[in-house]
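Visitor: Could you take me in for a close look at the salt bridges here, and then at whatever packs around them? I'm happy with cut-offs and numbers.

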Amino acid sequence: MKPIFTLVFALHFPFAALATNGPENTDTTPDMSGVTSEVVNGEDEQETLMFLDAREIDARDFIWVSRIIVVMADTPNDPQFERQLDALRERADEFFARDAVVIFDAHPEDRSPLRQVLRPRGFMTAIIDKDGEVKARRPAVRTGREMMAVIDRFPSRRQEMLERLPSGR
């Protein structure tokens with residue numbers, strides 16, 4: 001089932017990108033004053049955890065490069081959405097060490113490709129491993145510690161830890 005989902009995930013993005021192109025002059029963008037793409041703990045994107053808006057990026061660019069932590073809600077003012085982003089910001093350095101990137105989406109009306117594939121009902125957090133497979137999803141807030149524990153159980157993460165510290169074999 002998981003390889004099929006990965007295949008559907010990979011094949012769905014090109015069609016979703018084509019379907020979202022509409023008239024250029026429509027101005028129906030909602031107010032995003034409280035939620036923006038950002039880089040935490042520094043200026044250089046290469047050394048910090050990135051928080052990216054799902055409407056501005058293509059998740060396929062991160063396959064085999066980074067683990068994706070997806071945070072979705074129906075509105076940017078959702079308390080769960082804000083708590084989850086705060087929990088991720090608190091441990092930004094530790095998530096960066098695990099090659100993670102945070103992609104958030106609080107605008108269901110925009111129908112981003114990630115939203116079309118994951119189909120959240122209200123608030124949702126998902127962790128996508130480097131191979132593009134959704135490894136964990138939950139309709140509730142997770143602490144940073146819980147998310148790191150989930151990531152550390154991935155086979156790819158275990159292999160990375162063994163390569164960095166070979167004495168653990």
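**Salt bridges and cores**

Guide: Let's start with a pair that sits close in the numbering: Asp 53 and Arg 55 join their side chains in a salt bridge, 3.0 Å from N to O. By salt bridge I mean a side-chain nitrogen of Lys or Arg within 4 Å of a carboxyl oxygen of Asp or Glu. Before going on, the ground rules: this is a predicted model, where local features need pLDDT of at least 70 and side-chain atom pairs count only at pLDDT 80 or more, while totals for chains, interfaces and linings use all residues. Residues are numbered from 1 along each chain as its sequence is written, and side-chain values use heavy atoms, with hydrogens and water left out.

Back to the pair. Asp 53 is buried at 3% relative accessibility, whereas Arg 55 is partly exposed at 32% (buried is under 20% relative accessible area, exposed over 50%, partly exposed in between, with a 1.4 Å probe and protein chains only).

Over the whole structure, the search turns up 16 salt bridges, and Arg 67 is a good one to follow. Its closest N and O atoms with Asp 129 are 3.1 Å apart. That pair links distant parts of the chain, 62 residues apart: Arg 67 is in strand 3 (67-72), and Asp 129 is in the loop between strand 5 (124-128) and strand 6 (134-138). Helices (H or I, at least four residues) and strands (E, at least two) are DSSP runs, numbered from the N terminus.

Arg 67 also bridges to Glu 160, again with 3.1 Å between the closest N and O atoms. Glu 160 belongs to helix 6 (155-164) and Arg 67 to strand 3, so this pair ties together parts 93 residues apart in sequence. Glu 160 is buried at 11%, and Arg 67 is buried at 0%. Both belong to a salt-bridge network that also includes Arg 98, Asp 99 and Arg 164.

Now the greasy side. The largest nonpolar core (buried Ala, Val, Leu, Ile, Met, Phe, Trp, Tyr and Cys joined through side-chain atoms within 4.5 Å) has 22 residues, with Ile 69, Phe 81 and Val 102 among those with the most contacts inside it. Strand 3 and helix 2 (79-90) are among the elements giving two or more residues, and helix 5 gives the most, with four.

Setting aside neighbours within four places in sequence, Val 102 has contacts (heavy atoms within 4.5 Å) with residues including Leu 49, Phe 51, Ile 69 and Leu 88. A second, separate core of 16 residues includes Met 50, Ile 68, Ile 103 and Leu 114.
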